[in-house]
Amino acid sequence: MTLLEQLEEWHQNDEYQKIIEELEKIPDSERSNELTGLLARAYENAACGAEHPEYHLHAIELLQSAVEEDDANWNFRMGFALYWLDREEEAIPYFERIFTLIDSDPETQAFWADARELLDYCRTQAARKRQSKADEPYLTMSRRIW
């Protein structure tokens, strides 16, 4: 079994810590962008959502060290990490980029449906945050008046 096959098996079995341990053994300078991306994916999955934000931060560092802007997976991983850190505004361009990189056929679009949902959510949340910031001065003033 090749390393990639083993990593995929661990991924399918939700054994993210094994992936992390195996790939962290490889020095950064010797780890390919593909393996670095898989390591970032393992950290993001091991984070259990918002339970371990430091894992998402580390995934971002890893992805920044192996930039693959023309790769849909790289963009998804970057957007996903930012999403879990409540940095929706920053995540939007990464999710948007996915749809400029993938085919428009229904099967491919269905595969990336999660990315579309995350993009829509990030847009909504970012708009709410912008509106909330715009309302702050008025809310502060109304509290003082009432």
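What follows is a short chat about reading two helices and one loop residue in a predicted model.

Colleague: What should I know before I start?

Modeller: Local features here need pLDDT of at least 70, side-chain atom pairs count only at pLDDT 80 or more, and totals for chains, interfaces and linings use all residues. Residues are numbered from 1 along each chain as its sequence is written, and side-chain values use heavy atoms, with hydrogens and water left out.

Colleague: At what angle do α4 and α5 pack?

Modeller: Helices are DSSP runs (H or I, at least four residues), numbered from the N terminus. Axes are lines fitted to C-alpha atoms, for helices over the stretch in contact, and angles run from 0 to 180 degrees between N-to-C directions. Here, α4 (residues 53-65) and α5 (residues 72-84) pack at about 150°, with axes 9 Å apart. Over 145 degrees counts as roughly antiparallel, so that's how α4 and α5 run.

Colleague: Which residues in α4 and α5 meet?

Modeller: Contact means heavy atoms within 4.5 Å. From α4 you get H56, I60, L63 and Q64; they meet W74, R77, M78, A81, L82 and W84 in α5.

Colleague: Is α5 mostly covered or not, and how many of its residues are buried?

Modeller: Buried means under 20% relative accessible area, exposed over 50%, with a 1.4 Å probe and protein chains only. In α5, ten of the 13 residues are buried, so call it mostly covered. Among them are W74, M78 and F80.

Colleague: And what about D86 in the loop between α5 and α6?

Modeller: D86 has a positive phi of about 60° although it isn't a glycine. At 52% relative accessibility, D86 is exposed.

Key. Helix = DSSP H or I, 4+ residues; strand = E, 2+ residues; numbered from the N terminus. Parallel < 35°, antiparallel > 145°, perpendicular 65-115°, else oblique.
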